[in-house]
Amino acid sequence: MEMNDTILPYSRLAEFVEILPDNPLAGPFEHAWKLMLKNYTKFQIATFGSLIVHEIVYFAVCLPAFLFQFLPFMRRFKIQQDRPETNGKQWQCLKLLMFSHFCIQFPLIFGTFAFTEFFEIPYDWESMPRWYMLAAQIFGCAVLEDTWHYWLHRALHDKRIYKHIHKVHHHFQSPFGMTAEYAHPAETLILGTGFFIGIALFCNHVFLLWAWVVVRLIETIDVHSGYDVPYLNVFHLVPFYAGSRFHDFHHKNFLGNYSSTFTWWDKMFGTDDMYKEYCIQMKNSDTKKD
(Lines give C-alpha, C1' and ligand atoms only; values in the text may rest on other atoms or scores of the structure.)
Protein backbone atom coordinates (compact mmCIF):
# COMPACT_ATOMS: atom_id res chain seq x y z
CA MET A 1 0.00 0.00 0.00
CA GLU A 2 1.37 3.41 -0.96
CA MET A 3 1.73 6.18 1.61
CA ASN A 4 -0.85 8.31 -0.22
CA ASP A 5 -3.44 5.56 0.24
CA THR A 6 -2.75 5.61 3.97
CA ILE A 7 -2.88 9.39 4.29
CA LEU A 8 -6.08 9.81 2.22
CA PRO A 9 -8.60 8.65 4.88
CA TYR A 10 -7.01 10.96 7.46
CA SER A 11 -7.11 13.93 5.11
CA ARG A 12 -10.78 13.27 4.37
CA LEU A 13 -11.46 13.06 8.10
CA ALA A 14 -9.68 16.38 8.60
CA GLU A 15 -11.80 17.94 5.84
CA PHE A 16 -14.96 16.61 7.49
CA VAL A 17 -13.94 17.98 10.88
CA GLU A 18 -13.33 21.41 9.40
CA ILE A 19 -16.92 21.70 8.14
CA LEU A 20 -18.48 20.73 11.47
CA PRO A 21 -20.40 23.69 12.96
CA ASP A 22 -19.18 25.52 16.02
CA ASN A 23 -21.01 25.21 19.29
CA PRO A 24 -23.80 27.86 19.17
CA LEU A 25 -23.37 28.39 22.93
CA ALA A 26 -19.65 29.09 22.61
CA GLY A 27 -20.08 32.87 22.81
CA PRO A 28 -21.85 33.23 26.17
CA PHE A 29 -20.03 30.20 27.54
CA GLU A 30 -16.66 31.73 26.67
CA HIS A 31 -17.58 34.90 28.57
CA ALA A 32 -18.71 32.91 31.63
CA TRP A 33 -15.61 30.70 31.59
CA LYS A 34 -13.20 33.65 31.36
CA LEU A 35 -15.10 35.43 34.13
CA MET A 36 -14.68 32.36 36.34
CA LEU A 37 -10.94 32.19 35.62
CA LYS A 38 -10.61 35.89 36.45
CA ASN A 39 -12.35 35.65 39.83
CA TYR A 40 -11.26 32.26 41.17
CA THR A 41 -8.00 30.36 41.55
CA LYS A 42 -7.32 27.03 39.89
CA PHE A 43 -7.56 25.35 43.29
CA GLN A 44 -10.99 26.86 43.93
CA ILE A 45 -12.22 25.88 40.47
CA ALA A 46 -10.89 22.32 40.63
CA THR A 47 -12.02 21.69 44.20
CA PHE A 48 -15.11 23.68 45.07
CA GLY A 49 -16.18 24.10 41.45
CA SER A 50 -16.14 20.33 40.96
CA LEU A 51 -18.14 19.81 44.17
CA ILE A 52 -20.74 22.39 43.14
CA VAL A 53 -21.08 20.88 39.65
CA HIS A 54 -21.56 17.42 41.15
CA GLU A 55 -24.15 18.47 43.74
CA ILE A 56 -26.21 20.72 41.46
CA VAL A 57 -26.31 18.22 38.61
CA TYR A 58 -27.00 15.26 40.89
CA PHE A 59 -30.07 16.70 42.57
CA ALA A 60 -31.30 18.55 39.48
CA VAL A 61 -31.33 15.29 37.51
CA CYS A 62 -32.99 13.47 40.43
CA LEU A 63 -35.76 16.08 40.59
CA PRO A 64 -37.98 14.98 37.65
CA ALA A 65 -38.38 11.37 38.85
CA PHE A 66 -38.88 12.66 42.41
CA LEU A 67 -41.78 14.81 41.18
CA PHE A 68 -43.25 11.95 39.12
CA GLN A 69 -44.39 10.20 42.30
CA PHE A 70 -46.78 13.10 42.99
CA LEU A 71 -48.21 13.17 39.45
CA PRO A 72 -50.93 10.53 38.91
CA PHE A 73 -50.58 10.59 35.11
CA MET A 74 -46.89 9.63 35.42
CA ARG A 75 -47.48 6.52 37.50
CA ARG A 76 -48.06 4.40 34.40
CA PHE A 77 -44.36 4.89 33.60
CA LYS A 78 -43.25 3.49 36.97
CA ILE A 79 -41.47 0.19 36.28
CA GLN A 80 -42.19 -1.59 39.58
CA GLN A 81 -45.65 -0.20 40.28
CA ASP A 82 -46.18 -2.44 43.30
CA ARG A 83 -43.20 -0.82 45.07
CA PRO A 84 -43.81 2.95 45.30
CA GLU A 85 -41.38 5.41 46.84
CA THR A 86 -41.98 6.35 50.47
CA ASN A 87 -40.87 9.30 52.57
CA GLY A 88 -39.02 6.95 54.91
CA LYS A 89 -37.03 5.30 52.12
CA GLN A 90 -36.11 8.61 50.53
CA TRP A 91 -35.01 10.14 53.83
CA GLN A 92 -32.90 7.07 54.63
CA CYS A 93 -31.29 7.32 51.20
CA LEU A 94 -30.62 11.05 51.51
CA LYS A 95 -28.82 10.67 54.85
CA LEU A 96 -26.33 8.09 53.58
CA LEU A 97 -26.00 10.02 50.34
CA MET A 98 -24.91 13.18 52.16
CA PHE A 99 -22.38 11.19 54.16
CA SER A 100 -21.00 9.67 50.96
CA HIS A 101 -20.88 12.97 49.07
CA PHE A 102 -19.15 15.01 51.77
CA CYS A 103 -17.15 12.42 53.73
CA ILE A 104 -16.06 10.05 50.93
CA GLN A 105 -16.31 11.85 47.60
CA PHE A 106 -15.38 15.39 48.63
CA PRO A 107 -11.99 14.34 50.07
CA LEU A 108 -11.32 12.64 46.74
CA ILE A 109 -12.34 15.80 44.87
CA PHE A 110 -9.60 17.60 46.80
CA GLY A 111 -7.14 15.66 44.68
CA THR A 112 -8.43 17.20 41.44
CA PHE A 113 -6.18 20.25 41.65
CA ALA A 114 -3.10 18.12 42.30
CA PHE A 115 -4.03 15.92 39.34
CA THR A 116 -4.38 18.87 36.96
CA GLU A 117 -1.14 20.42 38.17
CA PHE A 118 0.89 17.20 37.98
CA PHE A 119 -0.28 16.44 34.43
CA GLU A 120 -0.32 20.12 33.41
CA ILE A 121 -4.00 20.03 32.48
CA PRO A 122 -4.96 23.48 31.14
CA TYR A 123 -7.84 25.66 32.37
CA ASP A 124 -7.68 28.48 29.82
CA TRP A 125 -10.35 29.07 27.20
CA GLU A 126 -7.91 28.92 24.28
CA SER A 127 -7.10 25.28 25.12
CA MET A 128 -10.77 24.26 25.35
CA PRO A 129 -11.41 21.24 23.06
CA ARG A 130 -14.08 21.65 20.39
CA TRP A 131 -17.44 20.08 21.11
CA TYR A 132 -16.98 17.05 18.87
CA MET A 133 -13.66 16.23 20.53
CA LEU A 134 -15.32 16.47 23.94
CA ALA A 135 -18.10 14.17 22.70
CA ALA A 136 -15.55 11.60 21.48
CA GLN A 137 -13.59 11.79 24.74
CA ILE A 138 -16.74 11.39 26.84
CA PHE A 139 -17.78 8.38 24.78
CA GLY A 140 -14.34 6.88 25.37
CA CYS A 141 -14.69 7.52 29.10
CA ALA A 142 -18.11 5.84 29.07
CA VAL A 143 -16.80 2.73 27.28
CA LEU A 144 -13.90 2.34 29.71
CA GLU A 145 -16.06 3.00 32.78
CA ASP A 146 -18.68 0.53 31.56
CA THR A 147 -16.03 -2.17 31.10
CA TRP A 148 -14.60 -1.59 34.59
CA HIS A 149 -18.09 -1.46 36.09
CA TYR A 150 -19.22 -4.70 34.47
CA TRP A 151 -16.38 -6.82 35.81
CA LEU A 152 -16.06 -5.22 39.26
CA HIS A 153 -19.82 -5.05 39.74
CA ARG A 154 -20.10 -8.71 38.78
CA ALA A 155 -17.31 -9.53 41.26
CA LEU A 156 -19.15 -7.68 44.03
CA HIS A 157 -22.06 -10.07 43.52
CA ASP A 158 -19.88 -13.00 44.53
CA LYS A 159 -21.68 -14.54 47.50
CA ARG A 160 -18.51 -14.43 49.58
CA ILE A 161 -18.34 -10.63 49.54
CA TYR A 162 -21.81 -9.49 48.45
CA LYS A 163 -23.23 -9.18 51.98
CA HIS A 164 -20.24 -7.15 53.15
CA ILE A 165 -20.29 -4.43 50.47
CA HIS A 166 -22.76 -4.44 47.58
CA LYS A 167 -25.77 -5.47 49.67
CA VAL A 168 -26.03 -1.85 50.86
CA HIS A 169 -26.77 -0.62 47.32
CA HIS A 170 -29.38 -3.36 46.86
CA HIS A 171 -31.25 -2.29 49.98
CA PHE A 172 -33.69 -0.62 47.60
CA GLN A 173 -35.11 -3.39 45.44
CA SER A 174 -37.11 -0.81 43.54
CA PRO A 175 -34.63 2.02 42.91
CA PHE A 176 -35.33 5.73 42.59
CA GLY A 177 -33.02 8.49 41.35
CA MET A 178 -31.19 9.27 44.58
CA THR A 179 -30.18 5.61 45.05
CA ALA A 180 -27.71 5.95 42.17
CA GLU A 181 -24.89 6.73 44.64
CA TYR A 182 -26.38 5.01 47.68
CA ALA A 183 -23.57 2.56 48.42
CA HIS A 184 -21.06 1.21 50.91
CA PRO A 185 -17.95 3.45 51.09
CA ALA A 186 -15.83 0.59 49.74
CA GLU A 187 -18.14 0.26 46.74
CA THR A 188 -17.95 4.00 46.12
CA LEU A 189 -14.18 3.64 45.84
CA ILE A 190 -14.16 0.35 43.91
CA LEU A 191 -16.73 1.16 41.24
CA GLY A 192 -15.90 4.87 41.28
CA THR A 193 -12.38 4.09 40.09
CA GLY A 194 -13.85 3.36 36.66
CA PHE A 195 -14.87 7.00 36.36
CA PHE A 196 -11.24 8.15 36.50
CA ILE A 197 -9.75 5.72 33.95
CA GLY A 198 -10.93 7.74 30.96
CA ILE A 199 -9.96 11.00 32.65
CA ALA A 200 -6.44 9.70 33.23
CA LEU A 201 -6.14 8.72 29.56
CA PHE A 202 -8.02 11.45 27.70
CA CYS A 203 -8.08 14.58 29.87
CA ASN A 204 -6.55 17.53 28.00
CA HIS A 205 -8.63 20.24 29.69
CA VAL A 206 -10.28 20.56 33.09
CA PHE A 207 -13.64 21.06 31.38
CA LEU A 208 -13.61 17.43 30.25
CA LEU A 209 -13.74 16.41 33.90
CA TRP A 210 -16.90 18.42 34.48
CA ALA A 211 -18.51 17.36 31.19
CA TRP A 212 -17.88 13.69 31.98
CA VAL A 213 -19.29 14.17 35.51
CA VAL A 214 -22.49 15.63 34.03
CA VAL A 215 -22.95 12.85 31.47
CA ARG A 216 -22.15 10.07 33.95
CA LEU A 217 -24.58 11.46 36.55
CA ILE A 218 -27.40 11.81 34.01
CA GLU A 219 -26.83 8.22 32.92
CA THR A 220 -26.62 6.61 36.36
CA ILE A 221 -29.58 8.54 37.77
CA ASP A 222 -31.62 7.65 34.69
CA VAL A 223 -31.02 3.91 35.09
CA HIS A 224 -31.87 4.14 38.80
CA SER A 225 -34.90 6.41 38.34
CA GLY A 226 -37.47 3.61 38.49
CA TYR A 227 -39.31 5.17 35.54
CA ASP A 228 -39.22 4.46 31.83
CA VAL A 229 -40.61 7.54 30.09
CA PRO A 230 -40.44 7.31 26.28
CA TYR A 231 -38.52 10.05 24.46
CA LEU A 232 -37.48 11.80 27.68
CA ASN A 233 -33.83 10.74 27.64
CA VAL A 234 -31.76 11.35 24.48
CA PHE A 235 -29.30 8.68 25.64
CA HIS A 236 -31.76 6.10 24.31
CA LEU A 237 -30.69 7.19 20.83
CA VAL A 238 -27.23 5.75 21.57
CA PRO A 239 -26.90 2.14 20.30
CA PHE A 240 -26.62 -0.48 23.08
CA TYR A 241 -27.65 2.01 25.78
CA ALA A 242 -29.00 0.00 28.72
CA GLY A 243 -31.57 2.33 30.24
CA SER A 244 -33.78 2.16 33.31
CA ARG A 245 -35.65 -1.09 32.54
CA PHE A 246 -32.40 -2.96 32.04
CA HIS A 247 -30.93 -1.88 35.38
CA ASP A 248 -34.23 -1.95 37.25
CA PHE A 249 -34.41 -5.67 36.45
CA HIS A 250 -31.02 -6.10 38.12
CA HIS A 251 -32.25 -4.45 41.32
CA LYS A 252 -35.43 -6.51 41.31
CA ASN A 253 -33.71 -9.86 40.78
CA PHE A 254 -30.17 -9.21 42.11
CA LEU A 255 -28.57 -11.12 39.21
CA GLY A 256 -27.49 -10.32 35.66
CA ASN A 257 -27.41 -6.98 33.81
CA TYR A 258 -24.16 -5.92 35.48
CA SER A 259 -23.15 -3.18 33.03
CA SER A 260 -23.59 0.47 33.93
CA THR A 261 -24.22 2.10 30.55
CA PHE A 262 -24.14 -0.29 27.61
CA THR A 263 -25.48 -3.81 27.10
CA TRP A 264 -22.70 -5.42 25.07
CA TRP A 265 -20.76 -7.04 27.94
CA ASP A 266 -23.92 -8.67 29.29
CA LYS A 267 -24.82 -9.84 25.80
CA MET A 268 -21.35 -11.28 25.16
CA PHE A 269 -21.23 -13.24 28.42
CA GLY A 270 -24.89 -14.20 28.65
CA THR A 271 -25.52 -12.34 31.89
CA ASP A 272 -28.66 -10.81 30.38
CA ASP A 273 -30.34 -14.16 29.63
CA MET A 274 -32.81 -13.83 32.52
CA TYR A 275 -33.70 -10.34 31.36
CA LYS A 276 -34.28 -11.48 27.77
CA GLU A 277 -36.55 -14.28 28.98
CA TYR A 278 -38.42 -11.79 31.13
CA CYS A 279 -38.90 -9.44 28.16
CA ILE A 280 -40.28 -12.31 26.06
CA GLN A 281 -42.71 -13.26 28.83
CA MET A 282 -43.90 -9.67 29.17
CA LYS A 283 -44.33 -9.36 25.41
CA ASN A 284 -46.36 -12.58 25.26
CA SER A 285 -48.45 -11.40 28.21
CA ASP A 286 -49.23 -8.12 26.46
CA THR A 287 -50.11 -9.99 23.26
CA LYS A 288 -52.62 -12.17 25.11
CA LYS A 289 -54.24 -9.11 26.67
CA ASP A 290 -54.71 -7.60 23.22
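In this predicted model, Thr116 sits in helix α5, which covers residues 111-118. With a relative accessibility of just 3%, Thr116 falls below the 20% cut-off and so counts as buried. Leaving out residues up to four places away in sequence, Thr116 touches Ile121, Tyr123 and Val206. The pairing with Val206 spans 90 residues of sequence, yet the two C-alpha atoms are 7.2 Å apart.

Past α5, the chain runs into the loop between α5 and α6, and Glu120 is found there. Glu120 has a positive phi, about 55°, even though it is not a glycine. At 70% relative accessibility, over the 50% mark, Glu120 is classed as exposed because of that value. A second non-glycine residue with positive phi is Phe254, at near 70°. Phe254 also belongs to a loop, the one between α9 and α10, but its relative accessibility is 29%, so Phe254 counts as partly exposed.

Turning to charged pairs, the model has nine salt bridges. One of them joins Glu126 to Lys34, with the closest N and O atoms 3.9 Å apart. This pair ties together distant parts of the chain: Glu126 is in the loop between α5 and α6, Lys34 is in helix α2 (residues 26-39), and 92 residues separate them. Glu126 is exposed, at 60% relative accessibility, whereas Lys34, at 37%, is partly exposed. There is a third partner here too, as Glu30, Lys34 and Glu126 are linked in a network of salt bridges.

What about salt bridges with buried partners? Lys78 and Glu85 make one, with 3.7 Å from N to O. Lys78 has a relative accessibility of 7% and counts as buried; Glu85 is buried as well, at 13%. Glu145 and Arg216 provide another case, their closest N and O atoms lying 3.1 Å apart. This bridge also links distant parts of the chain, running from Glu145 in helix α6 to Arg216 in helix α8 (residues 206-223), with the two positions 71 residues apart. Both Glu145 and Arg216 are buried.

The Glu145–Arg216 pair has a neighbour in Thr261, which is in contact with both of these residues. Thr261 is located in the loop between α9 (243-253) and α10 (264-269). Its relative accessible area is 7%, which puts Thr261 among the buried residues. Setting aside neighbours within four places in sequence, the other contacts of Thr261 are Asp146, Glu219, Phe240, Tyr241 and Ala242.

Helix α3 deserves a look of its own. It takes in residues 42-68, 27 residues in total, and spans 39 Å from first C-alpha to last. That is close to the 39 Å expected at 1.5 Å a residue. Even so, α3 has a kink of about 30°, centred on Gly49.

On the surface, a nonpolar patch is built from Leu63, Phe66, Leu67, Phe70, Leu71 and Phe73, which together have about 550 Å² of accessible area. Leu63, Phe66 and Leu67 fall within the 42-68 range of α3, while Phe73 is in the loop between α3 and α4. The spacing of the helical members fits a general rule: an α-helix has 3.6 residues a turn, so residues three or four places apart point the same way.

Definitions and conventions:
Residues numbered from 1 in each chain as written. Predicted model: local features only at pLDDT ≥ 70, side-chain atom pairs only at ≥ 80, totals over all residues. Heavy atoms only, no water. Helix = DSSP H or I, 4+ residues; strand = E, 2+ residues; numbered from the N terminus. Buried < 20%, exposed > 50% of the residue type's maximum accessible area, 1.4 Å probe, protein only. Contact = heavy atoms within 4.5 Å. Salt bridge = Lys/Arg side-chain N within 4 Å of Asp/Glu carboxyl O. Expected span 1.5 Å × (residues − 1). Bend = angle between axes of the 7 residues up to and from the residue. Patch = residues over 30% accessible without salt bridge, like charges linked within 9 Å, V, L, I, M, F, W, Y side chains within 5 Å. Areas by Shrake-Rupley, 256 points an atom, 1.4 Å probe, with all protein chains shown as cover.
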